[in-house]
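Grab a viewer and work through a few exercises on the structure below. Try each task yourself before reading its solution.

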Amino acid sequence: MAGTATSSRRRSRIAPYLMILPALAYLAVFFVVPLVSLARTSLSSSGGSVYLPTLTFSWEFGNYADAFSRYHDQILRSFGYALTATVVCLLLAFPLAYVIAFKAGRFKNLILGLVILPFFVTFLIRTIAWKTILADDGWVVSALGTVGLLPGDGRLLSTSWAVIGGLIYNWIIFMILPLYVSLEKIDPRLVEASKDLYSSNTRSFTKVILPLALPGVLAGSLLVFIPAAGDFINAEYLGSTQTTMIGNVIQQQFLVVKDYPAAAALSLVLMAIILAGVLLYTRALGTEDLV
């Protein structure tokens, strides 16, 4: 009996590790190996021709300095666009998520369905649709010109605002859903208790609702900011050469110029900056409730 009990305890200790083994193997093959390969490429020197490039591993740390010095404008622009899109997404998504969580009643599922519905259409098609909507001869430019909000020779397409608008539209769902989940968890009796203690609506929001919704704010901000910073589709179709983001540069370096070391170095620089920003942001807001 003692041997059976010992064997059972041993199996119970091993079982969790066996359960996570497939996930660890998946991460090793599809994340760690490509990341190591990318790092190795970033420290290589390129040769050959555009049609048949060759790579030589030579600890070329200068690739990182060159990547940042040559493309710092695109890096800063990418993070500026991503930050602006994240803030606007938060400002737009919070009221909607609040209404869905507390005021929608039996229409809650319907509104959630309407929020999710556009995202059944592929990302590329939605972006191209916005290119058509914002075109110089489109109805949006015509309407804004009619009411005097846009000069006669003004345009929306190929501007920074078009790119930021595309980022907002394409990623706002990833702000709405985490906020909705956090807000739905809030017990309405807590808000009622704050009202019984003579709190105004503003004070109830800042002292009760907002602190309890911070996990959703944190999760939504990360889910919007990270992909927006590396996006290149919106800048490609809605922007111009003056609104190029770092994702466009990486794409060009990999697929057109075929300067793989520079592209790999840019990718790792972008990853490092995002990781540092995420760590600082999560440290400021805290992650205890993100479960």
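What follows is a set of short tasks, each with a worked solution.

**Ground rules**

This is a predicted model, where local features need pLDDT of at least 70, side-chain atom pairs count only at pLDDT 80 or more, and totals for chains, interfaces and linings use all residues. Residues are numbered from 1 along each chain as its sequence is written, and side-chain values use heavy atoms, with hydrogens and water left out.

**Exercise 1. Work out the overall layout and whether the protein is more spread out than a compact globule or not.**

Step 1: get the elements. Taking DSSP runs numbered from the N terminus (H or I of at least four residues for helices, E of at least two for strands), you end up with 12 helices and 2 strands. Their order from the N terminus is α-β-β-α-α-α-α-α-α-α-α-α-α-α.

Step 2: compare the radius of gyration with the globule rule. The radius is taken over C-alpha atoms, and the rule is 2.2 Å times the number of residues to the power 0.38. For 291 residues the rule gives 19 Å, but the protein comes out at 24 Å, well over that value, so it is more spread out than a compact globule.

Step 3: check the box and the burial. Along the principal axes, the C-alpha atoms fill roughly 85 × 75 × 35 Å. With buried meaning under 20% relative accessible area, exposed over 50% and partly exposed in between (1.4 Å probe, protein chains only), 35% of the 291 residues count as buried.

Step 4: look at the contacts, meaning heavy atoms within 4.5 Å. Among those between residues at least 6 apart in sequence, 68% join residues at least 24 apart.

**Exercise 2. Find the salt bridges and say where their partners sit.**

Step 1: set the criterion, which is a side-chain nitrogen of Lys or Arg within 4 Å of a carboxyl oxygen of Asp or Glu. Searching the whole structure gives 3 hits.

Step 2: take Lys108 and Glu184, which meet at 3.5 Å, N to O. This pair links distant parts of the chain, 76 residues apart: Lys108 is in helix α3 (residues 108-116) and Glu184 in helix α7 (residues 173-184). Glu184 is partly exposed at 40%.

Step 3: move on to Asp136 and Arg155, with 2.9 Å from N to O. Asp136 is in the loop between α4 (123-133) and α5 (139-146), while Arg155 is in the loop between α5 and α6 (160-171), so the bridge ties together parts 19 residues apart in sequence. Both are partly exposed, Asp136 at 43% and Arg155 at 40%.

Step 4: finish with Asp187 and Arg189, whose closest N and O atoms are 2.7 Å apart. Asp187 is partly exposed at 27%, whereas Arg189 is exposed at 60%.

**Exercise 3. Which residues of α6 are buried, and what covers them?**

Step 1: check the helix geometry. The expected span is 1.5 Å times one less than the number of residues. α6 has 12 residues and reaches 17 Å from its first C-alpha to its last, close to the expected 16 Å.

Step 2: list the buried residues. They are Ala162, Val163, Ile164, Gly166, Leu167, Ile168, Asn170 and Trp171.

Step 3: find the cover. It includes α2 (62-103), α4, α7, α9 (201-229) and α10 (233-238).

**Exercise 4. Classify the aromatic pair of Tyr98 and Phe102, then inspect the cluster with Trp59.**

Step 1: apply the cut-offs. Rings of Phe, Tyr and Trp (its six-membered ring) pair if their centres lie within 6.5 Å; planes under 30 degrees apart are stacked, over 60 edge-to-face and the rest tilted. The structure holds 11 such pairs.

Step 2: with centres 4.9 Å apart and planes at 50°, Tyr98 and Phe102 are tilted. Both lie in helix α2, 4 residues apart, about one turn of the helix.

Step 3: go to the cluster, where ring pairs link Phe57, Trp59 and Phe61. The charged end of Arg40 sits over the Phe57 ring, 4.4 Å from its centre (the test is NZ of Lys or CZ of Arg within 6 Å of the ring centre and within 35 degrees of the ring normal).

Step 4: check the backbone of Trp59. Its phi is positive, about 50°, although Trp59 is not a glycine. Trp59 lies in the loop between β2 (53-57) and α2 and is exposed at 55%.
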